[in-house]
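Work through the exercises below with the model open. Each task is followed by its solution.

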Amino acid sequence: MKKVLCLLPGTIVSSENPINNKELIKCNTLIDSNQNFLHKEIINNLTSVENLQKQGFSTDVFCFSSRKKISDLIKSGFKISSLTSSQQYQFLYVFWGGISGYITTIFSRKPVFLTLLGSDLLGTYDSTGKQNKKGKLLTFFTKQACKRARGIIVMSEDMRSKLHARLHNKVLIAPECIDLNKFYPTDKAEARKRINIPQENKVVMFFPGEGRIVKNAAFANKIAENLSVRYKNFTFLEIKNTAHSELVHYYNAADLLLITSLHEGSNNSIKESIACNCPVVSSNAGDAKERLSNLEQCFVINGFQEDEYIHAIETIFNNTKRPEIRNGVEDLTFANTGRKIANFIREHL
C-alpha cells in the first residue's frame, strides 16, 4: 500500500518553558525530529488524517518546525523534496496555505492536496478590521499554492468564492467534523456545578482566540459590558487554556455561544455548541448562515450593530426551554466526510 505524506501546522512548545494548562502532543517535524505541539491546534488535522486511514490510506505525519523563518521553510522544502522522491508516497496532503503551503507545492515531487483552514485564504486583520500586510501576504501565497495544487479542500462556500472561478473544478467544500461522542447534551445544572458557575446567572460563552483580532474580542467584550449592566447575575465565560475534553461541560453550562468573528473558515465551536443543544448568536462569518439559519434560538447577524446582538441574546435568555438542535450537525460524521474527501482525492489523482 502506498503512503500519504501529511503535513500539519502547529506551535512548538519548548520543554524548558512549558505552557500551563495546555495539552501537548509529540509529532515528528521535517527538520527538528520529535517536538511538543499544542494538541488543540492540530487535533482537527489529526482527526482528518485518521479519516484518511479509515478510507484505506496509509499515512506518515510531520509538522513544520517553523512557518515564520524563511531558512526553516527552505530546509523543510528540501526535506519534502527528499521524502516525495520516494516511490512509497502516492501524494502529499497538507493543512494550511500561506508560504508553507506554497513552499510545499514548489518542492513536492508528488501531487499536493491542500486543505485551507480559514485565515490562510481569508487573511489577518488589524484592530480597525482592515486586512493587514501580513494578511495580504498570507492570502497571496495561499492563492499561489492553490494554482499549483492538484486539489483544494475548503471549509465553506464563502472560502470557495474567494478563489478564482477557473480553480473551482478542483475545489471540494468539506467542513471539519466534530466528535459527536465527545459533544452531547447534559444537564445544565450539573454542568454549572462542575465548573463553578452560579445556577441563577445568565451565561454567555466566548472564545477570544488568544488575542487574535479576527475573533473581534473587543466587540464581544463591549456586548458583555452592556449585558453586565442589564443583568445583576451575569457571567461572560471566556474560554482560555481549557482542555478540549472539558469543553462539553462549558457548552452545557452556557445559555449561548457568542461568535463575533470578522471571518471564519468553518467554526468548530459553532458545531460543538449545536451538538450540545447550546444556542448560538454569530456574525455572518464562514458557514455560520448555512449551519444556523434553520435552527431554533440561533441567530446570524450581518455587520456589527451592538443592539442587534443584544436583542438576539436576550431572546435566548427569555426562552426557558433549551432547543433541540443537535440534528443540525448529525451529518458531519467522520465517516461521511472521510468518504467525501477520499473520493475527491481518488478522482483527482
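**Exercise 1: a strand pair**

Which residue in strand 13 is the bridge partner of Ser282? The partner is Val300. Strands here are DSSP E runs of at least two residues, helices are H or I runs of at least four, and both are numbered from the N terminus. The model is predicted: local features need pLDDT of at least 70, side-chain atom pairs count only at pLDDT 80 or more, and totals for chains, interfaces and linings use all residues. Residues count from 1 along each chain as its sequence is written, and side-chain values use heavy atoms, without hydrogens and water.

Next, find the pairing. Strand 12 (residues 280-283) and strand 13 pair in the parallel sense over three bridges. Pairing takes at least two DSSP bridges between the strands.

**Exercise 2: the sheet**

State the strand order of the open sheet. Five strands run in the order 10-9-11-12-13, with parallel pairing. Now take the edges: strand 10 (234-238) and strand 13 (299-301) each pair on one side only. The twist averages 20° from one strand to the next.

**Exercise 3: two helices**

Describe how helix 2 and helix 3 pack. Start with the geometry. Helix 2 (residues 70-84) and helix 3 (residues 98-107) pack at about 35°, their axes 9 Å apart. Axes are lines fitted to C-alpha atoms, for helices over the stretch in contact; angles run from 0 to 180 degrees between N-to-C directions.

Then list the contacts (heavy atoms within 4.5 Å). Helix 2 residues including Ile70, Leu73 and Phe78 meet helix 3 residues including Ile99, Ile103 and Phe107.
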